[in-house]
Amino acid sequence: MPIIVNLDVMMAKRKMSSQELAQRIDITTANLSILKTGKAKAIRFSTLEKICQVLDCQPGDILEYQKE
Amino acid sequence: MYVSAAIGFIATFFVPSIADWYDEITVGSGLIGGSVRIPTIVGLYVCEVLAFAILWSLNKLLANIDRSEVFIPENTVCLRRISWGFMFVGFTFIVMGLWRSVFFIPATAAVMFGLVMRVLKNVFEKAVEIKSENDFTI
């Protein structure tokens with residue numbers, strides 16, 4: 001997919017573990033891992049909102065578009 | 001289901017006598033006519049093999065549903081097998097209908113049922129797709 005999830009980069013910048021992030025945005029670690037590995041097909045606005053809130057960033061910091 | 005499988009298995013040994021009996025009580029009224037003994041034996045054996053295949057698929061499908069794994073690709077394969085099974089049973093009956101035209105009635109029923117299963121399979125396939133999409137929406 002041309003949409004790339006850069007969640008791990010942002011998590012590293014904020015020095016946050018997967019477990020902590022999953023807990024704070026209220027999703028399971030399995031689902032967070034799906035998101036991080038780029039297997040996800042879609043992301044809910046509510047999830048994106050919580051991620052941005054917890055990591056204190058913009059959606060553009062997490063998602064990136066690259067031409068195929 | 002196991003009862004029908006057992007009945008089917010027992011009936012295997014009586015296929016020639018069933019064919020003899022059927023040959024005696026009917027007169028030729030199909031395209032070919034004459035003795036219907038051999039075609040009945042062959043047809044019944046073919047149908048029996050197909051029936052066992054269908055029962056086996058059905059058993060697998062029910063076991064999966066029991067484990068609440070409903071929308072998985074394996075179930076689509078099972079439904080596909082069942083649908084083709086009914087189609088082939090229908091074709092076998094059509095061939096048997098060349099000797100006795102009364103066989104066209106069960107043939108129509110089997111092909112009809114096969115088509116219904118085919119539609120069901122396509123619906124299921126779509127459902128599997130939608131479920132995977134839903135599962136990967138975080």
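**Note on the predicted model: helix packing, interface and salt bridges**

1. In this predicted model, helices α2(B) and α3(B) cross in a right-handed sense, meaning that the near helix is turned clockwise from the far one by less than a right angle. Helix α2 of chain B covers residues 15-25 and helix α3 of chain B residues 37-66, and their axes come within 9 Å and cross at roughly 135°. That makes α2(B) oblique to α3(B), the word for angles that are not under 35 degrees, over 145 or from 65 to 115.

2. Where these helices are in contact (heavy atoms within 4.5 Å), residues of α2(B) including I18(B), A19(B) and Y22(B) meet residues of α3(B), among them I41(B), L44(B) and Y45(B). The residues of this contact divide into eight nonpolar, one polar and four charged.

3. Chain A and chain B bury about 760 Å² between them, 60% of it on carbon and sulfur atoms; this is accessible area (1.4 Å probe) lost on being put together, summed over both. On the chain A side, K41(A), A42(A) and R44(A) lose the most area to chain B, together 59% of what that side buries. The contact takes eleven residues from chain A and six residues from chain B.

4. Across that interface there are zero salt bridges, counting a side-chain nitrogen of Lys or Arg within 4 Å of a carboxyl oxygen of Asp or Glu, whereas over all chains the count comes to six. One salt bridge joins the side chains of E74(B) and K60(B) at 3.7 Å, N to O. This pair links distant parts of the chain, with E74(B) in helix α4 (residues 73-96) and K60(B) in helix α3 of chain B, 14 residues apart.

5. Residues are numbered from 1 along each chain as its sequence is written, and chains are lettered from A in the order in which they are written. Local features need pLDDT of at least 70 and side-chain atom pairs count only at pLDDT 80 or more, while totals for chains, interfaces and linings use all residues, and side-chain values use heavy atoms, with hydrogens and water left out.

Definitions and conventions
Axes are lines fitted to C-alpha atoms, for helices over the stretch in contact, and angles run from 0 to 180 degrees between N-to-C directions. Helices (H or I, at least four residues) and strands (E, at least two) are DSSP runs, numbered from the N terminus. Ala, Val, Leu, Ile, Met, Phe, Trp, Tyr, Cys and Pro count as nonpolar, Asp, Glu, Lys and Arg as charged, and the others, Gly among them, as polar. Buried area is the accessible area (1.4 Å probe) that two parts lose on being put together, summed over both.
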